Amino acid sequence: MCVPETKLEAKMVEAMQRRASKGTAVKSFNSIILKFPKIDQSLRKCKAIFEQFDEDSNGAIDHGELKKCFHKLEVSFTEEEINDLFKACDINEDMGIKFNEFVVLLCLVYLLKANATAPEAKSMGMPNLEATFETLVDAFVFLDKNKDGYVSKNEMVQAINESGERSSGRIAMKRFEEMDWDKNGMVTFKEFLFAFTSWVGIDDMEDEEGEEEEGRVV
């Protein structure tokens, strides 16, 4: 049994367990992979939202900018919840949320809001993006076979075995290692999302843009 390390993780696990009780439309790991291009396209559209809230255009959203972002998106989280989200998603601890971290943060907000009881608290006012986030939640629910809010190594192997891949065991291990950042044998939704942004190439965007900028300078 995995014990949540933070209050935020406990809330995410509870929200995911509640969501898992409704089932998933995902039938195989392959069907998730087939959606990569569409998910990638949708997540890249977040860039405009990111740039809107990155008021000083330094490529990262600081704590103050994040609070304004939440206010604009009508996300009514407490100061403590905002701090917890910021800390959880600022994985390189540079006191700024980069674009790939922002995508993960928005998806976590979507999950937590979807768990809200009041209907008006559920929406972020971005239907296309929310549909993409729902696909990601659905994918995690598919992998989380025992519905405990975490994905274990065995569950990953089972999911990929079901896809009928010949080298499924090796693929499952590689994918699991890419997700299990803290190497504790269990993957949280946050870890899954960071791995996902890497798989679809979201974290490459900053590198590409950095190179473009350098090209312009020359």
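This note goes through a predicted model of one protein chain, point by point.

1. Confidence. The mean pLDDT of the chain is 83, with 84% of the residues at 70 or more. The weak stretch is residues 207-218, where the pLDDT is below 50 and the model shows one contact beyond near neighbours in sequence. Where pLDDT is low, the predicted coordinates should not be read in detail.

2. Overall make-up. The chain contains twelve helices and two strands. Read from the N terminus, the order is α-α-α-α-α-α-α-α-β-α-α-β-α-α. Of the 218 residues, 47% are buried. Among contacts with a separation of 6 or more, 62% join residues 24 or more positions apart.

3. Helix α8, geometry. Helix α8 covers residues 127-143, which makes 17 residues. At 1.5 Å a residue the helix should span 24 Å, and its end C-alpha atoms are 24 Å apart, so the expected and modelled lengths agree.

4. Helix α8, burial. How many of the 17 residues of α8 are buried? Twelve are, and the helix is thus mostly covered. The buried set consists of L129, E130, T132, F133, L136, V137, D138, A139, F140, V141, F142 and L143. Charged side chains occur in that list, including E130 and D138. As background, an α-helix has 3.6 residues a turn, so residues three or four places apart point the same way.

5. T132. This residue belongs to helix α8. T132 has a relative accessibility of 8% and therefore counts as buried, the cut-off being under 20%. Apart from neighbours within four places in sequence, T132 is in contact with I39, S42 and L43. Of these partners, I39, S42 and L43 fall within the range of α3, residues 36-44.

6. V103. The residue sits in helix α7, residues 99-114. Its relative accessible area is 2%, so V103 is buried. Which residues does V103 contact once its neighbours within four places in sequence are left aside? They are L43, C46, F133, T197 and I202. L43 is also a contact of T132, and F133 is one of the buried residues of α8. For the pair V103 and I202, the positions are 99 residues apart along the chain, while the C-alpha atoms are separated by 8.8 Å.

7. Largest pocket. Its volume is about 560 Å³. The lining has 24 residues, and E5, T6, K87, A88 and K190 lie nearest the centre. Helices α1 (7-20), α6 (79-89) and α11 (189-199) each supply at least two lining residues. Which of the elements gives the most to this lining? Helix α6 does, with five residues. By residue class, the lining of the largest pocket holds ten nonpolar, five polar and nine charged residues.

8. Second largest pocket. The volume here is about 310 Å³. There are 14 lining residues, and those closest to the centre are K38, S42, N128, L129 and T132. Two or more lining residues come from each of α3 (36-44), α4 (46-53) and α8. Helix α8 has the largest share, five residues. The lining divides into six nonpolar, five polar and three charged residues. The pocket also ties back to point 5: T132 and S42 are both among the residues closest to its centre, and T132 is in contact with S42.

9. E74. The phi of E74 is near 55 degrees, which is positive in a residue other than glycine. E74 is placed in the loop between α5 (63-72) and α6. With a relative accessible area of 65%, E74 is exposed, the cut-off being over 50%.

10. K183. A positive phi is found here too, about 55 degrees, and K183 is not a glycine. K183 lies in the loop between α10 (168-179) and β2 (186-187). Is K183 buried or exposed? Its relative accessibility is 58%, so K183 counts as exposed.

11. Points to carry forward. Helix α8 is mostly covered and gives the largest share of the lining of the second largest pocket. Helix α6 gives the most to the lining of the largest pocket. Residues 207-218, with pLDDT below 50, are the stretch to leave out of any detailed reading.

Conventions. Residues numbered from 1 in each chain as written. Predicted model: local features only at pLDDT ≥ 70, side-chain atom pairs only at ≥ 80, totals over all residues. Heavy atoms only, no water. Helix = DSSP H or I, 4+ residues; strand = E, 2+ residues; numbered from the N terminus. Expected span 1.5 Å × (residues − 1). Buried < 20%, exposed > 50% of the residue type's maximum accessible area, 1.4 Å probe, protein only. 1 Å grid on protein atoms, 1.4 Å probe; cavity = no way out; pocket = protein on both sides within 12 Å on 5 of 7 lines; lining within 4 Å. Points joined across faces, edges and corners; volume = space filled by probe spheres on them. pLDDT = per-residue confidence, 0-100. Contact = heavy atoms within 4.5 Å.
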